[in-house]
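Reader: I am new to this structure and would like a close look at one part of it, namely how strands come together. Could you take me through that part slowly, and then set it beside what surrounds it?

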Amino acid sequence: MSHIPIQEMTRRDFARFCGGAFATALAARPLTLLAAEQGSAPSTLTTVQWQTVAAICNQILPTLDGLGANEANCVNFIDKALAHEEKKSLAVYRHGLSVIDAFTNARWQQSFHALGDERQIETLEKLEDGLLPNWSSAEQSAWFATLRYHTLLGFAAAPHFGGNQNLAGWRAMNFPGHIHEMGGLSDAQVEGVEPITIHFPHHG
Amino acid sequence: MSAVKSSKVIDVCIIGSGAGGGVMAQQLAEAGIEVVVLERGSERGPADFLKQDELSNMIRQTFFAPDYLESRRSAVNEKAVPGKYSLLAQTVGGSTVHWGSWSWRFRPDEFRVLSQDGALAGASLADWPISYEELEPYYAKAEQALGISGAAGSNPFGAPRQSAYPNPPHVYRPASRLIESGAKKMDLHPFPIPMAINSRVFGGRAKCMNGGLCAGFGCPVHAKASPLSIHLPAAVATGRCRVLPNSRAIEITVDQNNRARSVRYLDAQGKEQELRARQIIVACSSIASSHLLLLSKSARYPTGLANSSDQVGRNLMCHILSQTNFEMAEPSNSIAGPPGNIAIDDFHASDHAREFIRGAVIGEAIEPMPINAALKVGNYLGADPATKGKRAWGKPLREYLSKFPFLGGMISIGEDLPQANNRIDLDPEHRDAAGIAVPRITHKRHPNDIALGRYFEQRQIDIALAGGAKKAWATDFSQYSTESGHLMGTCRMGNDPKTSVLNRWCRTHDVENLWVIDGSFFPTSGGYNPTLTIFANAYRVADYFIREVKRLEVR
């Protein structure tokens with residue numbers, strides 16, 4: 001599936017291709033787990049690319065009540081996925097990041113990650129609408145959709161994949177985690193007669 | 001388990017260990033017949049199911065379908081894009097290991113759609129060659145075997161039934177009660193969903209632990225019924241059934257007398273083996289069963305085995321699943337319990353005052369998965385004039401995620417219409433890791449499907465709002481097809497060999513000792529989840545098989 005040229009695909013196909021089919025292309029074992037266990041140093045992205053992706057994630061899912069993409073370390077999830085399950089998206093990722101930085105450098109003489117919120121948001125809105133120069137409109141919209149999708153995965157997937165750090169994503173959603181790992185719930189709790197106590201067993 | 005010696009001819013080879021294959025294995029082995037079950041997937045159990053998560057099971061599908069590849073397109077003139085679209089479980093016990101467990105009997109009218117509604121342009125409607133009355137005792141048998149929990153007689157629009165359910169219904173969560181209240185205000189008739197999940201200890205299996213992750217997941221305590229927890233252990237206990245996991249059938253051969261002779265398969269090491277059997281049962285689910293027949297080309301069957309009708313692979317159906325969510329003022333507890341507890345069936349029958357034929361059941365769909373809920377933010381924002389048109393990221397996204405505990409949901413299981421061009425064939429371009437042409441799905445919705453889906457979307461929203469939901473909104477069902485996991489058709493059952501693949505006993509018209517016993521036989525799809533009907537039909541066919549065992553030259 002790797003050899004399908006991007007220009008032949010529709011926007012939706014591209015988004016699915018990057019977000020869905022790519023994700024499933026590889027091995028039975030979630031290799032991301034291994035990479036994520038080895039720590040949160042960049043494994044595929046350069047430092048600047050890491051900072052840019054982190055800044056985009058932060059705009060997509062800003063911090064509220066102390067919990068957002070930054071706290072969940074969504075960029076780490078993406079970096080590790082790009083090493084394995086999403087490996088074939090890496091070149092597309094790098095290309096998108098270079099277009100974004102070329103735009104912000106030409107316009108404001110600064111890299112994306114160094115810009116203030118207003119300029120970052122303006123840039124991302126242009127990206128989502130396909131209005132950045134020197135890149136096909138459909139591809140940049142799809143690129144943004146893919147990054148948004150990966151941010152949500154990094155936020156809400158189980159923490160052993162490298163995101164949802166300190167269960168920041170699940171805390172933000174008040175999701176207690178895998179009930180089957182905690183011994184289940186009583187019928188009275190399902191009914192709402194007794195409360196479902198959320199104790200986040202791994203972290204505080 | 002070691003491979004079977006290739007020189008030996010066994011009684012029956014069953015390919016696939018899901019609802020169809022699992023029932024056949026148990027019934028035949030208990031009747032004294034020697035059975036070997038080939039299962040493409042590996043063997044997983046409760047210890048493995050403790051390690052499941054949403055990303056692996058639902059998004060990447062690495063847990064249950066690690067090396068699966070198919071391709072899909074929506075029209076014959078398009079190039080198919082390879083990927084993993086269909087929600088399958090390749091594992092001992094088949095997709096029934098990860099099913100949602102809703103267990104309905106099809107209504108009598110769902111067995112005679114063509115007679116009931118007449119022909120419709122673009123659809124290949126048909127009557128089933130069997131009636132509800134013929135299947136009824138086997139529905140009862142399946143319900144007992146699976147330990148269905150429910151309240152008999154509580155659905156005035158359901159199929160008539162003689163027997164009670166073996167277990168009482170599950171409790172209602174706050175979201176179920178909101179739906180119940182809304183339905184009653186609309187003079188509808190809500191009732192508990194019959195489910196193959198133990199509401200109490202039953203059949204040597206545990207009571208449900210209310211973990212929420214049911215549909216798409218294996219049950220860590222076997223409270224959910226499946227061949228893994230029921231039929232295969234019983235079959236193996238007879239001493240006459242062997243299950244060979246990691247064994248992928250790649251061809252069924254035929255001899256000069258037009259009898260199926262053997263199954264060629266790849267073993268766990270990828271080495272080719274051949275198994276000879278007197279009777280061969282294909283039970284791999286709609287995509288893989290038709291794929292295997294199409295791969296089995298010979299001089300006599302140049303377009304695939306048992307395909308003289310050119311019907312193998314055609315009329316693939318996957319239901320039309322309209323879904324809505326609603327926001328409650330109180331926590332919905334939709335992360336907990338079995339996958340939805342309350343249903344409304346008042347809108348099920350074809351109604352010629354509507355702009356479509358056929359119908360659906362509406363059921364409560366719980367919202368236990370955070371990623372899935374997060375991905376629906378655009379639908380949520382679009383439902384409210386204050387947020388409509390806003391970008392689905394930034395503060396609105398983050399605020400939406402905080403509402404997760406207050407979300408409830410509903411889904412309709414809509415009867416989608418069979419269409420000859422919605423089909424499986426062999427992808428001419430793409431091959432899998434073993435070098436085999438992948439199954440290519442061509443699937444496009446009939447306008448009737450879309451109209452039905454939109455109608456039921458609106459009924460769900462009406463019910464939620466009548467029940468006091470703060471707001472209710474639809475998610476776009478039209479982008480999904482085989483993701484439903486409700487795969488039906490591709491080897492349609494019928495009395496005429498020119499227009500169907502299987503006879504009324506699920507034996508191929510073309511080859512006397514070749515059977516397809518899974519969801520492939522469905523001539524039409526019904527407005528209910530299909531699996532109980534797959535189970536019941538397998539019990540029916542097993543009875544016939546055992547009755548006819550001498551004439552079939554099994555021994």
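Author: Two strands are said to pair if DSSP finds at least two bridges between them. With that in hand, please keep in mind that what you are looking at is a predicted model, with an ipTM of 0.93 and a pTM of 0.94. Chain B, where we shall spend most of our time, has an average pLDDT of 96, and 99% of its residues score at least 70.

Let us begin with the hairpins. Strand β7 of chain B, which covers residues 248-254, runs antiparallel to β8(B) and is joined to it by 6 bridges. One of the pairings to look for is that of Val254(B), whose bridge partner in β8(B) is Ala260(B). Between β7(B) and β8(B) there are 5 residues, the two strands forming a hairpin, and in its turn Asn258(B) has a positive phi of about 65°.

Continuing along the chain, β8(B) is joined by 5 bridges to strand β9 of chain B, residues 272-282, and here too the strands run antiparallel. Across this pairing, Tyr265(B) stands opposite Gln273(B) in β9(B). A hairpin is formed by β8(B) and β9(B) as well, again with 5 residues between the strands, and the residue with a positive phi in this turn is Gly270(B), at about 80°. The strand that takes part in both hairpins, β8(B), spans residues 260-266, and 5 of its 7 residues are buried, so the rest of the structure largely encloses it.

From here we can turn to an open sheet in chain B, built from 6 strands in the order β5-β12-β13-β14-β11-β17, with antiparallel pairing. The edges of this sheet are β5, residues 191-192, and β17, and because each has a single partner strand, one side of each is left without a neighbour in the sheet. As a general point, the strands of a sheet pair through backbone hydrogen bonds, either parallel or antiparallel. Within the sheet, strand β12 (residues 342-344) of chain B and strand β13 (residues 360-364) of chain B run antiparallel and are joined by 2 bridges, and Ala343(B) stands opposite Gly363(B) in β13(B).

Two residues help to show what lies around these strands. Met410(B) lies in strand β14 of chain B, and its relative accessibility is 1%, which is why it counts as buried, the cut-off being under 20%. Apart from neighbours within four places in sequence, Met410(B) is in contact with a number of residues, including Ser322(B), Thr324(B) and Phe326(B), Ile362(B) and Gly363(B), and also Gln460(B), Ile463(B) and Ala464(B). Ser154(B) is 256 residues away from Met410(B) along the chain, and the C-alpha atoms of the two are separated by 19 Å.

At one edge of the sheet, Thr475(B) belongs to strand β17 of chain B, which covers residues 471-475. Although β17 of chain B stands at an edge, Thr475(B) is buried, with a relative accessible area of 9%. Setting aside neighbours within four places in sequence, the residues in contact with Thr475(B) are Gln323(B), Asn325(B), Lys376(B), Asn379(B) and Glu457(B).

A helix belongs in this picture too. Helix α12 of chain B, residues 447-466, lies across β11, β12, β13, β14 and β17 of chain B, and runs at about 20° to β11(B).

Elsewhere in chain B, helix α8 (residues 285-295) has 8 of its 11 residues buried, so it is largely enclosed by the rest of the structure. Among the buried residues of α8(B) are Ser286(B), Ile287(B), His291(B) and Leu294(B).

Finally, a glance at the other chain: chain A has 10 helices and 0 strands, and 53% of its 204 residues are buried. In chain A, the axes of helix α5 (residues 74-83) and helix α8 (residues 137-156) come within 8 Å and cross at roughly 110°, which makes α5(A) roughly perpendicular to α8(A). On the side of α5(A) this contact is made by Cys74(A), Phe77(A) and Ile78(A), while α8(A) contributes His150(A), Thr151(A), Leu153(A), Gly154(A) and Phe155(A). The residues of this contact between α5(A) and α8(A) divide into 5 nonpolar, 3 polar and no charged. Helix α5(A) is mostly covered, with 10 of its 10 residues buried.

Conventions. Residues are numbered from 1 along each chain as its sequence is written. Chains are lettered from A and ligands numbered from 1 in the order in which they are written. This is a predicted model: local features need pLDDT of at least 70, side-chain atom pairs count only at pLDDT 80 or more; totals for chains, interfaces and linings use all residues. Side-chain values use heavy atoms; hydrogens and water are left out. pLDDT is the predictor's confidence in each residue, from 0 to 100. Axes are lines fitted to C-alpha atoms, for helices over the stretch in contact, and angles run from 0 to 180 degrees between N-to-C directions. Helices (H or I, at least four residues) and strands (E, at least two) are DSSP runs, numbered from the N terminus. Angles under 35 degrees count as roughly parallel, over 145 as roughly antiparallel, 65 to 115 as roughly perpendicular and the rest as oblique. Contact means heavy atoms within 4.5 Å. Ala, Val, Leu, Ile, Met, Phe, Trp, Tyr, Cys and Pro count as nonpolar, Asp, Glu, Lys and Arg as charged, and the others, Gly among them, as polar. Buried means under 20% relative accessible area, exposed over 50%, partly exposed in between (1.4 Å probe, protein chains only).
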